[in-house]
Amino acid sequence: MRRARRAAPGPLPLLGLLLLGALPGLWTVLLRREAAAQLEPEPLPPSEPPAGRWGWGGSPAARGESGGGGQKTFRTLLAMPEAATGQEERGGEERFAVTGSLPPADTASPVERGIFWSRELEEQVPPGFAAEEAAAWLSAARAARVSSLERGGCGRSSNRLARLSDGSRACVRYGINPEQIQGEALSYHLAGVLGMQERLPPMALALVEARGRQWEPVREELRGSHWAEGAVVSLTRWVDNLTAVVAPAPWSAEAGAGRRLQPLSAGELGGLPPSQLVELVQWSDLILFDYLTANFDRLVSNLFSLQWDPRVMRRATSNLLRAPDGGLVFMDNEAGLVHGYRLLAMWDPYNEPLLRSVCVFREGTARRVAELHRRRSAAAELRRRYRAREPLWARLGFLSERQAELLQARVDFVHRHIAHCRAQAAVL
């Protein structure tokens, strides 16, 4: 009897057997992949494009947003001095690391201790007329002969442009009355007492004598000038390539719009370019100087003219010019002190608000004002300097007792104003 044949296995059991045979191989592959994954580093996030100079386009921390531990914020970048950001852009050993130490946040501030221009900013102010240079010119001008006199270029029709025998030129100012020349001379030497004489062109007094050695070459021109024999005139050094100056925005914008002048304080200076800050340093001295001398023939006259000319603040400021290096030149100060003190009632309603519009000062100027206030010596210091440096001082005389008192009172007022600005800065 034939043995019955065993039935062949079906397809499913065969598939199961194949899978069981493949499991060891699959397990080996998985183990190898896991081991390889443990050896590989985690993928880095996509690299960001390099941030711009002020951090735009960088990480949220670089833009001043939350997040990011060691990144410089936009506010911090703004506080960094330009030299530091330039080093960062150039790279090299001087480069600031992102997570490294940053310079103090106040190094880029134009103001120190709330009311003083920073030393770094003052160092950028053009030097003006150096003391040694001015002394040399004054000595030469007093000894030189006047070679020619020309009309035009020096203000009033009674003034002349003189060419001196040493080759230099000077504006010869003949005052309508002697107090104008006296005011010019005293203002020049008061600027020296205040430490800002470098902003005024060198000035000396001269005695008109048609038969004298100094004026003999221009005797005929003197006859046509109608100058009185024996009159005292001023010789002011001629400066080439000066240009007009328009009052900067802190004053021109507000006054031109008919608004009350607001104090120029540290909080108003953010974002201004260095060139404008350097000019504002000089303007702060100018406004303080014009208040002390009661000079109405500069920015004050522009303010006065606003009542019929609303665009006057956009025009050139009287008796203020700019040298090619950016330095301001305080010209023609004959309205100061003597003449200005006679007209205080008319002009102080403009001069005083202008002074109050400044709450940032050169520290050296504030220190000198404080000393003159403490010693009550404004007139005495001016007299001492005037007599020592101007040989013809006695021809015009000095301030009257009343004028000397007014000068001291104005020094005291400026000192109180600076103290008020300091107190206000301390509160902020």
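Let me begin with a crossing: helix 9 and helix 12 cross in a left-handed manner, a term used when the near helix is turned anticlockwise from the far one by less than a right angle, clockwise being right-handed. Helices (H or I, at least four residues) and strands (E, at least two) are DSSP runs, numbered from the N terminus.

This is a predicted model, in which local features need pLDDT of at least 70 and side-chain atom pairs count only at pLDDT 80 or more, while totals for chains, interfaces and linings use all residues. Residues are numbered from 1 along each chain as its sequence is written, and side-chain values use heavy atoms, with hydrogens and water left out.

The axes of helix 9 and helix 12 (residues 344–356) come within 9 Å and cross at roughly 145°; axes are lines fitted to C-alpha atoms, for helices over the stretch in contact, with angles from 0 to 180 degrees between N-to-C directions. Helix 9 contributes Ile287, Leu288, Asp290 and Tyr291 to the contact, and helix 12 contributes Asp348, Asn351, Glu352, Leu354 and Leu355, where contact means heavy atoms within 4.5 Å.

I turn now to the sheet. Its 3 strands are ordered 8-9-10, open and antiparallel; two strands pair if DSSP finds at least two bridges between them. Strand 8 (243–246) and strand 10 (328–330) are at the edges with a single partner strand each, so one side of each lacks a neighbour in the sheet. From one strand to the next, the twist averages 55°. Helix 9 (residues 274–293) packs on this sheet, touching strand 8, strand 9 and strand 10, and its direction makes about 10° with that of strand 10.
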